Each structure stands twice: as C-alpha cells, then as structure tokens.
Amino acid sequence: VLRTLASDANTYVRGGVVRNPSTQVDLLTIQASDARSYVRGGVVRNPSTPVDLLTILASDADMLVRRGATENPSTPADSLRTLASDADDYVRWGVATNPSTPVDLLTILASDADERVRGSVATNPSTPVDVLRKLTSDEGVNVRLYDEDDEDYEDIAKNAKNPSTPVDVLRKLASDENQEVRESVARNPSTPVDVLRTLASDADEVVRGCVAANPSTPVDVLRTLASDANTYV
C-alpha cells in the first residue's frame, strides 16, 4: 500500500508516506529526490531515514528541508555543524533545539544574534550548566521564560521552565522584574521549596497560581494558597 501511495500525484499523500516510520528505506531514498520540498522535508524528519540520506538532505536548497534535518536526532554532528551557521535563523533555531547537537555548538549558539535561537539553547537538555547560567542574564526576556503567547510556534520552553536549569539560576530568575519569568520559575518542578514559599506571596496572582499548581509545593503552602482572595489561585 505504501509503495502504491508513494507514486500518488498528490503531494500531501506522498508526504504522508515518507513521514511513516514503517516506510522502507528504498522508498525513502527515491522520495528524497522528490520535486516538492514538502515530500523531501518528510523524508528528512523520518526516524527510519538512513544517515547518508540525512547528510544529503541537510544541504538541500530549500530552507524548510534543512530545518527538517535539524529536527532529526539522527542527523550527524558534521551536518549539524554546517547547519549551525546557516544564514536562515529558523534553521539555526532547529539546531539549537536538537538534543543531539554537540555542546560546543550549543555554546556558540547561546550567543546567536537571534533571540529565538538563544531561547532554544536555554531549553535544550544537553546545554551545559555554565551556558544556562549565562542565559539567565540574557537581554531577551523570551530567553529567560516560557513564551505562551508565541503566534507561530508552540510551547517554546525557556531557561526558567527547563527542569535542567540549576537551582542558583532559578533563585536568580525568581526575582526577575518580568512577571512571566517568575511565573515560569513558579511552574518549574525543580524550583526549590524555599523559592516556592517566597513566590507564594508574589504580588501577581498568576505567579501565586503557578505555585499552587506546582507538584513540588509543600502542603502548608497549598493550605495558605487555598484561602487566597483570588479565584485563579
């Protein structure tokens, strides 16, 4: 059935075939040369795509295909190194998100001119502690927090929301002037109890509500918050 559908005239049907992890390698190899970037982009994102094909597609002329290569954990490090200096911010952003990206590249991307790229480094579980500490002081507020209002991309976890963020960094972010940064710290299950106690008295009700929802918040604090004057809390 997949072989038949791989020859379908409709781009989205062929794109569906190449996104299926059960699609055989020989079909993926053929579709990697498809005229439509949507199909090639599906091939490069497929976990079954072999490394040699990923290497080729990582150099595709279409930006969206190169971006797809950055999203595949199997993309080889050499290709990620090339993509980390791509002229398109969206491609570099993908490299910064990939947990397979080498630490030295994440360190370089932490100083990228694009705020979204630095923000993705902040959420990457492979980012070393010293880089996370540096990003705590980033001038871009969206690098320090969890951006729920991004219109184009879903759930970009930032420094304050990353469970890997060190305790001393969370302590610093807990007093950030930006309310949304404090909210993200209040949501983080790795936030220490004494910081949660402090945030439970925050002037902003959303921050207090995030503390109330945090599974790490102790019972006595929950009892206090249960009597909060604000219904959200």
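1. Which backbone oxygen lies 2.5 Å from a polar atom of the side chain of Thr217? The oxygen belongs to Val211. A pair like this is a polar contact (N or O atoms within 3.5 Å; within protein, one must be able to donate a hydrogen and the other to accept it, and residues adjacent in sequence count only if both atoms are side-chain atoms). We'll come back to Thr217 further down.

2. Some ground rules before you read on. This is a predicted model, where local features need pLDDT of at least 70, side-chain atom pairs count only at pLDDT 80 or more, and totals for chains, interfaces and linings use all residues. Residues are numbered from 1 along each chain as its sequence is written, and side-chain values use heavy atoms, with hydrogens and water left out.

3. Now the overall picture. The chain has 17 helices and zero strands; both are DSSP runs numbered from the N terminus (helices are H or I with at least four residues, strands are E with at least two). Its C-alpha trace spans about 65 × 35 × 25 Å along the principal axes. Of the 233 residues, 48% are buried, where buried means under 20% relative accessible area, exposed means over 50%, and partly exposed is in between (1.4 Å probe, protein chains only). Take the contacts (heavy atoms within 4.5 Å) with a separation of 6 or more: 44% of them join residues 24 or more positions apart.

4. Look at helix α2, residues 11-19. Its buried residues are Thr11, Arg14, Gly15, Val17 and Val18. Down the axis of α2 they fall within an arc of 155 degrees, so they line one face of the helix; the arc is taken from the directions from the helix axis to the C-beta atoms. Here's a handy bit of background: an α-helix has 3.6 residues a turn, so residues three or four places apart point the same way. The cover over the buried residues of α2 includes α1 (2-5), α3 (25-31) and α4 (37-45). At the N-terminal end, Asn10 acts as a cap for α2, with a side-chain oxygen 2.8 Å from the backbone nitrogen of Tyr12.

5. How do α2 and α4 sit against each other? Their axes come within 8 Å and cross at roughly 10 degrees. Axes here are lines fitted to C-alpha atoms (for helices, over the stretch in contact), with angles from 0 to 180 degrees between N-to-C directions. That crossing makes α2 roughly parallel to α4 (angles under 35 degrees count as roughly parallel, over 145 as roughly antiparallel, 65 to 115 as roughly perpendicular and the rest as oblique). On the α2 side you'll find Thr11, Tyr12, Arg14, Gly15, Val18 and Arg19, meeting Tyr38, Val39, Gly41, Gly42 and Val43 of α4. By class, that contact has five nonpolar, four polar and two charged residues (Ala, Val, Leu, Ile, Met, Phe, Trp, Tyr, Cys and Pro count as nonpolar; Asp, Glu, Lys and Arg as charged; the others, Gly among them, as polar).

6. Next, try α14 (179-187) and α16 (205-213), whose axes come within 8 Å and cross at roughly 10 degrees. That makes α14 roughly parallel to α16. Gln179, Arg182, Glu183, Ala186 and Arg187 of α14 make the contact with Val206, Val207, Cys210 and Val211 of α16. These residues split into five nonpolar, one polar and three charged. Within α14, Val181, Arg182, Glu183, Ser184, Val185 and Ala186 are buried. At the start of α14, a side-chain oxygen of Asn178 comes within 2.8 Å of the backbone nitrogen of Glu180.

7. Back to Thr217, in the loop between α16 and α17 (219-225). With 7% relative accessibility, Thr217 counts as buried. Setting aside neighbours within four places in sequence, Thr217 touches Leu196, Val211 and Leu222.

8. Now find Thr127, in the loop between α10 (115-123) and α11 (129-136). Thr127 counts as buried at 6% relative accessibility. A polar atom of its side chain lies 2.6 Å from the backbone oxygen of Val121. Beyond neighbours within four places in sequence, Thr127 is in contact with Leu106, Val121 and Leu132.

9. Finish with the helices on either side of that loop. In α10, the buried residues are Val117, Arg118, Gly119, Ser120, Val121 and Ala122, and Asp114 caps the N-terminal end with a side-chain oxygen 2.9 Å from the backbone nitrogen of Arg116. In α11 you'll see Val131, buried with a relative accessible area of 3%. Leaving out neighbours within four places in sequence, Val131 contacts Thr107, Ala110 and Val121. The C-alpha atoms of Val131 and Ile108 are 9.6 Å apart, with their positions 23 residues apart along the chain.
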